[in-house]
Each structure stands twice: as structure tokens, then as C-alpha cells.
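Student: Please take a close look at a single part of this model. I should like to understand how that part is built and what surrounds it.

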Amino acid sequence: MSPARISQAIKKQERGLGAALFERTSRQVSLTPAGRQFRDDLLPGYRQIQEAIAKAAAVGRGITGTLRVGFSAAWCGNLIVKAADAFKARHLECDIQIQELPLHVGFAPLRARELDLQLTELPADEPGITTGPTVFSIPRALVVPAGHPFAGRPSISLEDLAHVQLITIIGPPQYWLDFHLPSHTPAGRPIPRGPATVAWQEVLSLISAGKGVCPTSALAADYYSRPDLAFVPFHDAPPVDYALLWPATGQTPKVHAFVQTLLAVAGRRSGDAAISRSTSTSPR
């Protein structure tokens, strides 16, 4: 609307109310006492109308009910909580349930439809599960006892794993273990095996007791720092990629909207194109 049309509309409103709503000078326009009172009285009704519009739009898009989101690492959980807050602010009729997933659980809750979405480390070559956009990539490090010879190094090589015992995780699929906990170095030398467990905190306790070492994301040093442990970066290991996963037949409007929100919170490019590409290749 042009300024003239706006002025005409305001004057018509003022005539109908019998009171001036605005004070006008050559430099500014401000509310009169009657205008401020009118605004304050109307504000609750205006907000109610806006909420009704938002709820109707959410129902139309199918963004209602509950969205269940899982994560495997603490840094993934922090991001999901931030994304859930942003998502909830836009979709008032949709609740978010967030659940941490131990490594040995893997993709079972997603396959059983106990979760709608999962943010976890790759690889994830699972039939019936779509691998969506990668959210972030983090360099790898090796967790060793604080007194270990590796602890004083600025970095280590994957070939150094031939000289240590690797603590392993029970439960994840073999292709996942081959990537994160390999049985041989790139040159083909065997990597000795140490104890196996199902929980990350148990892994850290076993390392502290000198029972072995374990590769992880370098970001783990910020979340699990302990005086009895050292996190030594690899200088030749591929990074750990973290991606969003969902059932191949489960790309609902809720899932799509949350993926978009999470990517925005993470500072990644809008996920429309990435989601389209990932959907076209699943199930694998």
C-alpha cells in the first residue's frame, strides 16, 4: 500500500472510533494515549489469531503430533536440542522427544519405527534406511592412558595401531566396525584386539586401566576430558561424518521440516537438494 492509502485507512479508523490514534509531525509518527490503549487491548486477540493461523498451517502440512529423534554422541545431542527449540517455535502443535542411543543399539530403534530420525556417525549402509545430508565432519583421535608413549606426541598414524590393543564395541554391524575399529592398518599389519564392551564409559574406564586404546572423534576430548586419559589426533585418518538417517518410507512433512531446521541451526546449506538426492538412492 502507498503511504497515502495507509493514511486514509488510519483516518477512517480514527473517525469510526472518535479518537485520534496517532500523533503526526514532519519528523515522526507516534501513538497517542488512546492509540497505545487500543494497541494493548487488541494485542492478545491478534496473537491468538496468529497462533490459530500457524496451527492451521501446521495441520495442513502434517506437522503435528510427536517427532522422535535419536542421537549417538553428546555433540549430536546438543545440536538436536538447539534444533528442537527452533523447530518448536515455528511448529507449536508438534512435540519433540529426544533419545540418546548407545553405540551397540545401532539402527534398531529406527528400523522398528521407535524413532523418526537419527543423527549418528557414518557409515550407515542399512536396507530400508535413508542416509540423509551430512551435518558435520570431525577429525579422528586415539584415546590412550595419560602415561602412554603416544600421549606426548602431537599426532599419530593409522600404522601406529599395529603396536597397541584396540578396545572394541559389541553390537554395531561389521562394516561400521571395519571403519571405526579396523582389524588391520592401511599397510595390512594386524591390529591386536583388547577387551570388548557395549558402553562408551566402559571403554574409557578400560583405557584408563591400561587395557587398550580406542579411536574416536577428536571432539570427544571436549566432552570426556579426564586427567587419566589423553586424546591424540591422527594425521592420516579420514574424518568421522555425522549424518541424518530416517526410514526409507518415513520422509514425512515433520521429518523434512526438522531436517531443514537442524541444517539451518548447524549452519549448513538448506537440505532440499541434499534430501532429494539421498531419497533417490534409498533403500540401499
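Tutor: Of the contacts in the chain with a separation of 6 or more, 73% are between residues 24 or more positions apart; contact here means heavy atoms within 4.5 Å. The model is predicted, so local features need pLDDT of at least 70 and side-chain atom pairs count only at pLDDT 80 or more, whereas totals for chains, interfaces and linings use all residues. Residues are numbered from 1 along each chain as its sequence is written, and side-chain values use heavy atoms, with hydrogens and water left out.

The chain holds nine helices and 12 strands. These are DSSP runs numbered from the N terminus, helices being H or I with at least four residues and strands being E with at least two. Of the 284 residues, 40% are buried, that is, under 20% relative accessible area; exposed means over 50% and partly exposed lies in between (1.4 Å probe, protein chains only).

The part to examine closely is the open sheet of five strands, whose order is 4-3-5-12-6 and whose pairing is mixed. Two strands pair if DSSP finds at least two bridges between them. Strand 4 (94-100) and strand 6 (129-138) form the edges; each has a single partner strand, so one side of each is left without a neighbour in the sheet. From one strand to the next, the twist averages 20°. Within the sheet, strand 3 (residues 65-71) and strand 5 (residues 117-121) run parallel and are joined by three bridges. Gly70 stands opposite Gln118 in strand 5.

Helix 3 (residues 74-90) packs on this sheet, where it touches strand 3, strand 4, strand 5, strand 6 and strand 12 (240-247). Its direction makes about 175° with that of strand 4; axes are lines fitted to C-alpha atoms, for helices over the stretch in contact, and angles run from 0 to 180 degrees between N-to-C directions. The buried residues of helix 3 include Trp75, Leu79, Ile80, Ala83 and Phe87. An α-helix has 3.6 residues a turn, so residues three or four places apart point the same way. The expected span of a helix is 1.5 Å times one less than its number of residues. For the 17 residues of helix 3 this gives 24 Å, and the end C-alpha atoms are 25 Å apart, which agrees.

Helix 8 (residues 253-265) also lies across strand 3, strand 4, strand 5, strand 6 and strand 12, running at about 50° to strand 3. Helix 8 has 13 residues and reaches 18 Å from its first C-alpha to its last, close to the 18 Å expected. Among its buried residues are Val255, Phe258, Val259 and Leu262. Gly267, with a positive phi near 80°, follows helix 8.

Elsewhere, an open sheet of three strands has the order 10-7-11 with antiparallel pairing. Its edges are strand 10 (214-217) and strand 11 (229-233), each with a single partner strand, so one side of each is left without a neighbour in the sheet. Helix 6 (residues 200-208) lies across strand 7, strand 10 and strand 11, running at about 50° to strand 7.
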